[in-house]
Amino acid sequence: MYLIGIDLGTTAVKTVLFNDEGDVIQSVSSEYTTEFPTEGAAEQDPSAWWNATLNTLKKLISEQPQDRRNVAAISVSSQSPTMLPLDKNGKPLKKAMIWMDRRSDDQCKHIEEIVGRERITEITGNRADAYFMLPKLLYFRENEPELFEKTTKFLQVNGYIAYQLSGEFSIDRSSAGLTLLYDIENQNWSEELFSKLDLNASLLGPINEPHDILGKVKKSLSEEIGFRSPPMVVAGTVDGPAAALEAGVVHSKTICDMSGTSSVIQTIVDNQFTHE
């Protein structure tokens with residue numbers, strides 16, 4: 001039995017086939033581009049993510065003998081956070097605003113005015129910054145209200161690929177933590193933030209654990225790729241936590257540097273944040 005890991009970074013997707021002992025059998029990668037249409041903007045076409053992913057899956061599986069096409073599960077990690085709106089049919093309404101998009105500075109000020117700078121940090125553990133998804137979502141609502149009204153779901157990159165594979169919407173806990181709408185103490189969506197900012201939590205949906213099984217690869221897609229039978233699709237996570245786990249960062253005495261288009265230092269905090 002085999003497993004597949006898919007990682008969609010800022011510049012490329014890498015798809016890797018593993019055996020059940022964790023050994024790498026083969027990896028395939030494919031690049032895509034980032035568009036910078038205006039000052040501060042950074043967008044990617046979700047169809048480019050999917051086409052690159054599908055091509056790597058087809059290439060990976062077509063080059064394997066029949067016994068290695070028996071894949072039990074697929075999991076997806078990715079860059080994050082991203083603002084990708086989908087309509088009622090699951091179709092993207094626009095190109096995704098990725099993590100490096102900086103157009104929503106004014107929306108960060110609005111969040112601080114409505115909620116309070118200190119309160120945002122108390123709830124989310126973060127400060128209002130254009131990096132996160134919430135300011136991007138508010139920018140989208142303000143500047144493209146007609147498209148916002150048509151939106152039924154906002155997905156992250158790994159959630160979009162998991163949706164393309166399985167037909168199921170999802171957002172994993174690590175991705176939720178980068179939305180600026182996640183309550184770190186209650187470990188769920190913040191009712192206070194959704195209420196004060198006039199948003200509906202159904203736009204993001206329930207939070208999945210990274211190991212949750214969403215369903216199986218759609219039968220027709222499974223046959224197109226070349227699997228012997230449809231693999232399970234697992235919710236997955238953000239590339240940062242995935243890299244930390246891969247590097248063995250499992251307690252407070254370990255640390256790792258994840259460097260790519262951006263650079264992130266990661267470690268473990270033993271105690272939970274508390275507020276007086």
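In the predicted model, the buried residues of helix H4 are Met133, Leu134, Pro135, Lys136, Leu137, Leu138, Tyr139 and Phe140. Helix H4 spans residues 133-143, and because eight of its eleven residues are buried, the helix is largely enclosed by the rest of the structure. The elements against which these buried residues pack include strand E6 (84-86), strand E7 (96-97) and helix H2 (105-115). Helix H5 and strand E8 also pack against the buried residues of H4.

Two loop residues make contact with buried members of H4. The first to be described is Thr151, located in the loop that runs between helix H5 (145-150) and strand E8 (153-155). Thr151 has a relative accessibility of 8% and therefore counts as buried, the cut-off for this class being under 20%. Beyond residues up to four places away in sequence, Thr151 touches Phe140 of H4, as well as Pro85, Leu86, Leu93 and Leu203. A polar atom of the Thr151 side chain lies 3.0 Å from the backbone oxygen of Leu147.

The other residue, Asp101, is placed in the loop between E7 and H2. Its relative accessible area is 0%, so Asp101 is buried. When neighbours within four places in sequence are set aside, Asp101 is in contact with Lys136, one of the buried residues of H4. The remaining contacts of Asp101 are with Gly40, Ala41, Ala42, Glu43 and Ala130. Within this group, the backbone nitrogen of Ala42 is reached by the side chain of Asp101 at 3.0 Å. Ile123, by comparison, is 22 residues from Asp101 in sequence, and the C-alpha atoms of the two residues are 24 Å apart in space.

A further packing arrangement involves helix H1 (residues 46-62) and helix H6 (residues 157-166), whose axes come within 10 Å and cross at roughly 60 degrees. The two helices are therefore oblique to each other. The crossing of H1 past H6 is right-handed. On the H1 side, the contact is formed by Pro46, Trp49, Trp50, Thr53 and Leu57. These residues meet Val157, Tyr160, Ile161, Gln164 and Leu165 of H6. By residue class, the contact of H1 with H6 comprises eight nonpolar residues, two polar residues and no charged residues.

Notes
Residues numbered from 1 in each chain as written. Predicted model: local features only at pLDDT ≥ 70, side-chain atom pairs only at ≥ 80, totals over all residues. Heavy atoms only, no water. Buried < 20%, exposed > 50% of the residue type's maximum accessible area, 1.4 Å probe, protein only. Polar contact = N/O pair within 3.5 Å; in protein donor to acceptor, adjacent residues only side chain to side chain. Contact = heavy atoms within 4.5 Å. Axes fitted to C-alpha atoms, helices over the stretch in contact; angles between N-to-C directions. Parallel < 35°, antiparallel > 145°, perpendicular 65-115°, else oblique. Left-handed = near helix turned anticlockwise from the far one by under 90°. Nonpolar A, V, L, I, M, F, W, Y, C, P; charged D, E, K, R; others polar.
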